[in-house]
Amino acid sequence: MKYELFEKSTFSAADFLTECEGKALKTAAIQKAIDSAFLAGGGTAVVPEGVYPVGTIRLRSNVRLLLKSGAILEGSREPEDYYVADDALEPYDPSWERVDKWLPPAERTGEYNMLHSPLSRWHRGLIKAINAENISIVGEEGSFIDGRDCFDKKGEEHYRGPHAINLNFCKDVEFSGYSIRNSANWAHSIWFSENIHLDNIKVYGGHDGAHFKGCKNILVENSEFYTGDDCVAGFADVDFEVRNCVLNTACSAFRIGGTHLRFHDCKVFAPAKYVFRGSLSDEEKRNHVPSSPKKRYNMLSLFTYYADNSVEIPVQPGDILLENMTVDGADRFLHYNYSGNETWQRACPLASISFRNIEAKDILLPLNIYGDEKTPITATFENCSLAFKEEGRRGARVHAAYAEKLAFKNVKVTGRDDEPFVKCFKPCGEFVFENADIKGEKRVETDEEFVATPI
């Protein structure tokens with residue numbers, strides 16, 4: 001980061017508010033502060049204390065957006081306020097298609113065209129950056145970015161609106177200090193970017209907390225995610241670290257595919273504080289209902305593998321390590337299912353994953369370790385405690401297929417001791433049990449059909 005550029009000049013959004021007189025949105029004032037810093041060769045755009053109703057704000061190279069204590073960027077509830085107009089200051093690439101409609105997979109005529117188009121409806125964001133370098137968002141204590149669960153009938157799943165922060169093709173990104181609440185889609189949607197640092201971020205409600213696609217050199221630390229969807233997600237990422245974070249979710253704590261990933265020293269627990277918004281009725285979604293009784297708050301999985309066909313995966317996924325964690329109440333500990341029945345896992349197999357120094361309790365469902373015949377998986381569990389609920393799904397506690405090696409070293413497994421530990425649905429290679437406190441038969445073969453509910 002070229003921090004000295006942020007100190008070159010300072011522009012306050014307050015100085016441009018007269019341009020917004022009589023207008024419901026204050027987008028223009030904040031954008032003018034950003035543009036002034038950009039034209040000065042770098043600087044800081046300051047948003048003072050107060051509530052600022054906004055549509056899309058474009059962050060530009062060498063600009064730091066500083067949210068002062070008590071500053072709230074309050075997203076519009078009108079989805080058309082997030083349309084990205086032509087930009088005279090930094091014109092958009094005309095090849096970036098403006099796809100206006102989300103289509104479910106069965107109806108798509110292109111390869112995820114809405115995801116490949118930075119100007120598409122799906123890529124709308126409250127804060128947006130494209131081809132920007134050396135950018136920063138810093139929030140003082142008590143600053144918020146509020147998506148207000150903007151309902152968009154034309155959006156993903158016919159209700160999701162803009163992301164809170166959406167980046168495409170950016171480099172040298174530093175975000176810290178602020179909180180995001182009620183994001184209408186992902187809180188952080190970051191695509192094909194590199195050198196990304198998120199520090200001391202808090203996310204409340206909404207959808208995915210931080211989602212990265214095709215990114216390199218990512219660090220997320222000292223942050224808290226209380227989400228209605230996945231906490232940390234993405235795939236085709238390389239060199240990705242998450243450390244010292246709190247993760248509370250109604251989906252997966254980590255829904256990830258990539259290479260050389262390190263997730264450690266985190267606290268993971270359920271039930272979720274915020275509802276999985278997909279379980280709400282259309283009326284509840286439309287009316288910005290934050291929670292609803294008898295809807296879904298359970299955590300689906302600690303780790304769910306992720307690799308679909310929306311982006312190219314140039315590097316073999318593997319070398320993933322989760323360590324030094326406590327996990328309380330995740331229905332699944334591990335969900336890797338390359339059997340073919342999951343759209344989100346079928347693009348590229350996972351070569352290796354390890355778990356070390358993890359204490360997990362109240363596991364409801366079996367661990368799924370279903371690999372690929374040509375790229376069988378190696379999975380290692382070391383110094384782990386896995387406690388299963390007695391009232392969970394009966395049967396083996398691990399379902400395996402096409403594994404090159406499964407190793408359990410210094411592992412203690414409790415609950416459902418009368419059941420086999422591992423059931424192999426397809427051929428598996430080497431099994432290692434070293435100082436493993438596991439009751440019941442350790443390994444059985446079966447001709448049964450493998451069944452797993454997709455996540």
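In the predicted model, the buried residues of helix H2 are Thr27, Ala29, Ile30, Gln31, Ala33, Ile34, Asp35, Ser36 and Ala37. These buried residues pack against six strands, namely E1 (10-12), E2 (43-47), E3 (50-54), E4 (57-58), E5 (63-67) and E6 (71-75). Helix H2 covers residues 27-39, and its 13 residues should span 18 Å at 1.5 Å a residue; the C-alpha atoms at its ends are 18 Å apart, so the expected and computed values agree. Glycine 41 follows H2 and has a positive phi, near 90 degrees.

One of the buried residues of H2, Asp35, also takes part in a salt bridge. Its partner is arginine 60, and the closest N and O atoms of the pair are 2.7 Å apart. Because arginine 60 lies in the loop between E4 and E5 whereas aspartate 35 belongs to helix H2, the pair ties together parts that are 25 residues apart in sequence. Arginine 60 and aspartate 35 are both buried. A further salt bridge joins arginine 58 to aspartate 87, with 2.8 Å between the closest N and O atoms. This pair links distant parts of the chain, since arginine 58 is in strand E4 and aspartate 87 is in the loop between E6 and strand E7 (125-130), 29 residues apart. Both arginine 58 and aspartate 87 are buried.

A third pair consists of arginine 160 and aspartate 229, whose closest N and O atoms are 3.5 Å apart. Here too distant parts of the chain are linked: arginine 160 is in the loop between strand E9 (144-146) and strand E10 (163-168), aspartate 229 is in the loop between strand E18 (224-227) and strand E19 (232-243), and the two are 69 residues apart. Arginine 160 is buried, as is aspartate 229. Through shared partners, salt bridges join Asp35, Arg58, Arg60, Asp87 and Glu90 into one network. The count of salt bridges comes to 27.

The loop between E18 and E19 also holds aspartate 230. With a relative accessible area of 3%, aspartate 230 falls under the 20% cut-off and therefore counts as buried. A polar atom of the aspartate 230 side chain lies 3.0 Å from the backbone nitrogen of serine 252. Leaving aside residues up to four places away in sequence, aspartate 230 touches His207, Asp208, Gly209, Thr249, Cys251, Ser252 and Arg255.

Several backbone features were also identified. Asparagine 244 has a phi near 55 degrees, a positive value in a residue other than glycine. Asparagine 244 is placed in the loop between E19 and strand E20 (246-249). Its relative accessibility is 46%, and asparagine 244 is therefore classed as partly exposed. Aspartate 265 likewise is not a glycine, yet its phi is positive, at about 55 degrees. Aspartate 265 belongs to strand E21. A relative accessible area of 39% lies between the limits of 20% and 50%, so aspartate 265 is partly exposed. A cis peptide bond, with omega about 5 degrees, joins alanine 270 and proline 271. Proline 271 is found in the loop between strand E21 (252-269) and helix H3 (282-286).

At the level of the whole protein chain, the secondary structure comprises three helices and 33 strands. For 455 residues, a compact globule would have a radius of gyration near 23 Å; the protein chain has 23 Å, so its value agrees with that of a compact globule. Taken along the principal axes, the C-alpha atoms fill a box of roughly 75 × 45 × 40 Å. Of the 455 residues in the protein chain, 58% are buried. Among contacts with a separation of 6 or more, 63% are between residues 24 or more positions apart. The protein chain exposes about 17,500 Å², of which carbon and sulfur atoms supply 47%.

Notes:
Residues numbered from 1 in each chain as written. Predicted model: local features only at pLDDT ≥ 70, side-chain atom pairs only at ≥ 80, totals over all residues. Heavy atoms only, no water. Helix = DSSP H or I, 4+ residues; strand = E, 2+ residues; numbered from the N terminus. Expected span 1.5 Å × (residues − 1). Buried < 20%, exposed > 50% of the residue type's maximum accessible area, 1.4 Å probe, protein only. Contact = heavy atoms within 4.5 Å. Salt bridge = Lys/Arg side-chain N within 4 Å of Asp/Glu carboxyl O. Rg over C-alpha atoms; globule rule 2.2 N^0.38 Å. Areas by Shrake-Rupley, 256 points an atom, 1.4 Å probe, with all protein chains shown as cover. Polar contact = N/O pair within 3.5 Å; in protein donor to acceptor, adjacent residues only side chain to side chain.
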